[in-house]
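Here are my notes on the model, set out as numbered points. Please keep the structure open while you read.

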Amino acid sequence: MTKLRILVTGFEPFPGAPYNPTQPLVARLIKLRRPALADVELSGHIFPVTYSAVDRQLPELLAKHRPEALLMFGLAARTSWLRIETRARNAVTMLWPDADHTRVRNGSIAGGADAVMFGPHTERLLRAALAAGIDARTSNNAGSYLCNYLSWRAIEATKRHDGPRLAAFIHVPPLPRDGVSRQKGTARLTLEELVDAGEAMLMEMVKLARSAALKSA
């Protein structure tokens with residue numbers, strides 16, 4: 001029986017964020033063993049925070065794993081809740097260099113549309129995250145750095161006949177490096193809570209991808 005393939009990605013640390021919780025999150029998610037995942041092949045990847053890495057590695061990953069769905073995570077250092085991005089903006093910052101100190105010379109990614117949409121499945125991911133008991137909200141602004149850039153490239157990939165059927169990008173808040181302690185007076189998530197929410201969204205992506213596969217069969 002052909003397995004349903006899901007690719008889960010995160011990012012390495014980057015300037016201003018020496019600890020990126022998407023790394024342990026992805027590691028935990030791809031090791032999940034659940035009856036509902038018996039026919040699912042989970043793959044994981046951590047992107048360096050550079051434009052060249054996204055442009056090189058994303059096509060390689062899609063060709064290698066041929067995922068039906070792509071679930072991507074990134075760090076939103078100034079947000080205290082989970083953000084399910086609904087779109088990617090046609091924007092890239094010219095102010096902040098990437099981790100290779102590369103500064104782009106054009107403030108847009110491509111000609112044409114101002115933004116491209118992930119699709120209505122983002123609402124189902126939001127409900128899944130909320131059901132896990134955490135503060136989660138949809139967002140229509142993925143920024144203008146690598147998270148937005150990867151989102152744009154992933155949505156582009158879903159438009160191709162050999163690309164994934166679904167893609168989603170989730171911004172996670174910063175976590176304490178030990179994964180468990182909370183700052184006094186804050187509602188900061190723990191790693192365990194983040195993994196629970198990530199699992200809920202992953203399970204929803206599995207359902208969505210399975211449904212999409214059946215419709216196209």
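1. I start with the pockets; bear in mind that this is a predicted model. The largest pocket has a volume of about 740 Å³. It is lined by 26 residues, and those closest to its centre are Phe14, Leu75, Ala77, Arg78 and Tyr145. By type, the lining of this largest pocket splits into 14 nonpolar, nine polar and three charged residues.

2. Next comes the second largest pocket, with about 220 Å³ of space. Here 13 residues form the lining. Arg66, Pro67, Asp162, Gly163 and Pro164 are the closest to the centre. The lining of the second largest pocket holds five nonpolar, two polar and six charged residues. Which element gives the most to this lining? Helix H2 does, with three residues.

3. Arg66 deserves a second look. This residue is one of those closest to the centre of the second largest pocket, and it sits in the loop between H2 and S3. Its phi is near 45°, a positive value in a residue other than glycine. For context, most residues other than glycine have a negative phi. His101 also has a positive phi, near 70°. That residue lies in the loop between strand S5 (87-89) and strand S6 (115-117). Check the backbone at both places.

4. Now the sheet. Six strands make up an open sheet with mixed pairing, in the order S2-S1-S3-S8-S4-S7. Which strands are at the edges? They are S2 (40-47) and S7 (136-139), each of which pairs on one side only. From one strand to the next, the twist averages 20°.

5. Within the sheet, look at S3 and S8. Strand S3 covers residues 69-75 and strand S8 covers residues 166-172. The two pair in the parallel sense, over seven bridges. To find the register, start at Met72, whose bridge partner in S8 is Phe169. As background, strands of a sheet pair through backbone hydrogen bonds, either parallel or antiparallel.

6. Two helices lie across these strands. Helix H2 (residues 51-65) crosses S1 (4-11), S2 and S3, and runs at about 165° to S2. Helix H5 (residues 191-216) lies across S1, S2, S3, S4 (82-85) and S8. The angle of H5 to S3 is about 155°.

7. Last, the aromatic rings. The structure holds three aromatic pairs. One of them joins Tyr51 and Tyr149, with the rings edge-to-face. Their centres are 5.1 Å apart, and the planes meet at 90°. Why does this pair tie together distant parts of the sequence? Tyr51 belongs to helix H2 and Tyr149 to helix H4 (residues 146-158), so the pair links parts that are 98 residues apart in sequence.

Key: Residues are numbered from 1 along each chain as its sequence is written. This is a predicted model: local features need pLDDT of at least 70, side-chain atom pairs count only at pLDDT 80 or more; totals for chains, interfaces and linings use all residues. Side-chain values use heavy atoms; hydrogens and water are left out. Two strands pair if DSSP finds at least two bridges between them. Helices (H or I, at least four residues) and strands (E, at least two) are DSSP runs, numbered from the N terminus. Axes are lines fitted to C-alpha atoms, for helices over the stretch in contact, and angles run from 0 to 180 degrees between N-to-C directions. Contact means heavy atoms within 4.5 Å. On a 1 Å grid over the protein atoms alone, a cavity is a set of points where a 1.4 Å probe fits but cannot get out, and a pocket is an open set with protein on both sides within 12 Å along at least five of seven lines; lining residues have an atom within 4 Å of a point. Grid points are joined across faces, edges and corners, and a volume is the space filled by probe spheres set on the points. Ala, Val, Leu, Ile, Met, Phe, Trp, Tyr, Cys and Pro count as nonpolar, Asp, Glu, Lys and Arg as charged, and the others, Gly among them, as polar. Rings of Phe, Tyr and Trp (its six-membered ring) pair if their centres lie within 6.5 Å; planes under 30 degrees apart count as stacked, over 60 as edge-to-face and the rest as tilted.
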